[in-house]
Amino acid sequence: MSQADTTAPAALPLEIVPIGGVGEFGMNMMLVAAGDDALLIDAGVMFPEPELPGVDLVIPDLSVLDEWRGRIRALVLTHGHEDHIGAVAHVLPRVDGPVYGSPFTLALVSSRLEEHGIDVRDRLVEARPRDTITIGPMRVEFLRVTHSIPDCFALAIHTPAGIVIHTGDFKIDQTPLDGEATDLHRLAELGAGGVIALFSDSSNVDRLGFAGSERDVTEGFEEIFSSTAGKLVVTCFATSIYRMQVLIDLAAQFDRRVAIVGRGAVRTSEIAMRLGRLRIPSHLQIRDSDVRDFPAQDVLCICTGSQGEPMAALSRIAIDDHRHVKLTDGDVVVFSARAIPGNEKGIARVMNHAARRGAAVIADGEKHVHVSGHAGAEELKLMLALVRPKHFVPIHGEYRQLARHARIARHVSASVDVLVAEDGDVLRFDEDGARVHRKLASGRTFIDGTRTGEVGDEVLRDRRHLAGDGLVVPVLAVNSQTGVLEQTPDVITRGFVVDAKTEALLKDVPTALAGMLEQLPREERTDPGLMKERVRAELQRLFRKRSGRRPLVLPVIMEV
Ligand SMILES: [Zn+2]
Ligand SMILES: [Zn+2]
């Protein structure tokens, strides 16, 4: 970058492209390009709808980045939620430069990548609040914001065309548990100096008022702690470190030992402890295998499974299939998370299972046991008032949220120019103002089996499975009350090579499935989510063992 260019900003049009997360929840990603240099903000995933069988993750179609091939100088991460970092492994091959983020964010990223056998530690560069990095003609300044996970940033991107602020996910928690408040001073200062564009989180624009502080759940939980005679089992997101801290502090106060149960929660809590973001007195913590050695009233379990995920710790516990943790009369199960739309049925199933074990089930609404991490309408107005942008672009939300956020912005300032963009829109900022300059084809990529597969190849591997070994769809009609098969399962195949060996195998599938079903307790047989996982695992094992083939297995469970 030559010095002379800074005197002629018009020569460097600024282009900003939402790649994902604008018009939908999840898979947040945005490209910022000034002249020949570009950077990416976040690389997130979206969790698939339950109706997408066999799909574990959804990420943006990255081919839109082709145009900037070789010019993406950095990936800048706002915070460590999966909808912001879950696709880092997929995006990294397209980035010619470092990955910047807070220490906690980067620790989550590298532990995730390690699971996939990818070591990128030499590409990770830690950033602290108010740090500034230079990327081509741009300078990126990291600003502390509060959210539901520690160490979150908003970004102030100083470009030749002016300053752009990207809030990341945020709320304005004025009494943060770790004392690390949103950097309102710097936001106001930047606003006073002139900001050309604000990109702001719209997730909770529908909520009136303020989201509230992470501290606000303390009272609700205090009541639960003092009234629970048995074991206390609380489920929250694996990344809800603040929630864990509130629970651990109460456990200390009420003399309960703490067991963290479930791989995701164990992983994030260990990282948080290592970085000093979570404090558990050492005498307080026990392993899940120790739970049974303590009287029920002396135990708190913090576990995964708040979304009713069939393989998560709470689901196993609720159907009495967990090796160490059992539920019984007098125990209390608390759902300390919101239900992500689409998961309501699965969550209700887990609640029913837990209730059958004799446990009392408490969800948000009955007691104040959850607080959102996203700004409500008043906080969004405050952000707009502090930053006073010339142009405003709502992000992180479905179209109706973006539209509402746009209306709010016009109420805050009649003069602000609002652009409601969608994924793939190229927003151009130059001497003529700001507008959607052109549209790129945006799309989604579905990914199967990231938990077991090598990253980068999943899609290829799926295609290979499909091309080489085909697709097998077992169709089971199950009585919704008894879980008994109503008829012999059908097996539909596509592209599955039928020779003498596999023909015999296919003939055996209905019997094998019926046999497996018989072994399952009724509770599992009447839970379609659990059944799907069981059937998938069983058939994958059967095909691999007897034919050496690995077809894609997509079970269909019909409740009749
Ligand atoms: Zn977030
Ligand atoms: Zn998010």
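Two aromatic pairs are present in the structure, which is a predicted model. One of them joins F225 and F254. The ring centres are 5.4 Å apart, and the planes meet at 35 degrees. The geometry is classed as tilted, because that class covers plane angles that are neither under 30 degrees nor over 60. F225 belongs to helix α5, which spans residues 218-227. F254 sits in the loop between α6 (241-253) and β15 (257-261). The two residues are 29 positions apart in sequence, so the pair ties together separate parts of the chain. Burial was computed for both partners. F225 has a relative accessibility of 3% and therefore counts as buried. F254 reaches 27% and so counts as partly exposed.

Salt bridges were counted next. The total comes to 39. In general, side chains of opposite charge can pair when their charged atoms come close. One of the bridges joins D36 and R71, with the closest N and O atoms 3.6 Å apart. This pair links distant parts of the chain, 35 residues apart. D36 occupies the loop between β3 (29-34) and β4 (37-41). R71 occupies the loop between β5 (57-60) and β6 (72-76). D36 counts as exposed, at 53% relative accessibility. R71 counts as partly exposed, at 21%.

A further salt bridge is formed by the side chains of D151 and R277, at 2.9 Å from N to O. D151 lies in the loop between β10 (138-145) and β11 (152-159). R277 lies in the loop between α7 (263-274) and β16 (285-286). The partners are 126 residues apart in sequence, so the bridge ties together two parts of the chain. D151 is buried, because its relative accessibility of 6% falls under the 20% limit. R277 counts as partly exposed, at 25%. The backbone of D151 also stands out. Its phi is positive, about 60 degrees, although D151 is not a glycine.

D320 likewise is not a glycine and has a positive phi of about 60 degrees. D320 is placed in the loop between α8 (313-318) and β18 (332-335). Its relative accessibility is 38%, so D320 counts as partly exposed.

Helices α14 and α15 are bridged by charged side chains. R534 in helix α15 and E524 in helix α14 meet in a salt bridge of 2.8 Å, N to O. The pair ties together parts that are 10 residues apart in sequence. R534 counts as partly exposed, with a relative accessibility of 27%. E524 counts as buried, with a value of 4%.

The loop between these helices was also examined. D527 is located in the loop between α14 (522-525) and α15 (528-547). D527 has a relative accessible area of 5% and is therefore buried. Its side chain makes a polar contact of 2.8 Å with the side chain of H353. A polar atom of the D527 side chain also lies 3.1 Å from the backbone nitrogen of G529. Leaving aside residues up to four places away in sequence, D527 touches R349 and H353. H353 thus appears both in the list of residues touched by D527 and as the partner in the side-chain polar contact.

Charged residues also form a network. Salt bridges link E15, E67, R428, D430, R435 and R438.

Another aspartate, D290, is found in the loop between β16 and β17 (299-303). At 24% relative accessibility, D290 counts as partly exposed. D290 and R257 are 33 residues apart along the chain. Their C-alpha atoms are separated by 9.9 Å.

A nonpolar patch was identified on the surface. V556, M558 and V560 make up this patch, with an area of about 240 Å². M558 is placed in strand β29, which covers residues 556-559. M558 counts as partly exposed, with 39% relative accessibility. This value satisfies the condition for patch membership, because patch residues need over 30% relative accessible area.

Definitions and conventions. Residues are numbered from 1 along each chain as its sequence is written. Chains are lettered from A and ligands numbered from 1 in the order in which they are written. This is a predicted model: local features need pLDDT of at least 70, side-chain atom pairs count only at pLDDT 80 or more; totals for chains, interfaces and linings use all residues. Side-chain values use heavy atoms; hydrogens and water are left out. Rings of Phe, Tyr and Trp (its six-membered ring) pair if their centres lie within 6.5 Å; planes under 30 degrees apart count as stacked, over 60 as edge-to-face and the rest as tilted. Helices (H or I, at least four residues) and strands (E, at least two) are DSSP runs, numbered from the N terminus. Buried means under 20% relative accessible area, exposed over 50%, partly exposed in between (1.4 Å probe, protein chains only). Patches are made of residues with over 30% relative accessible area and no salt bridge: like charges are joined within 9 Å, nonpolar side chains (Val, Leu, Ile, Met, Phe, Trp, Tyr) within 5 Å. Accessible areas come from the Shrake-Rupley method with a 1.4 Å probe; for residues, only the protein chains shown count as cover. A salt bridge is a side-chain nitrogen of Lys or Arg within 4 Å of a carboxyl oxygen of Asp or Glu. A polar contact is a pair of N or O atoms within 3.5 Å; within protein, one must be able to donate a hydrogen and the other to accept it, and residues adjacent in sequence count only if both atoms are side-chain atoms. Contact means heavy atoms within 4.5 Å.
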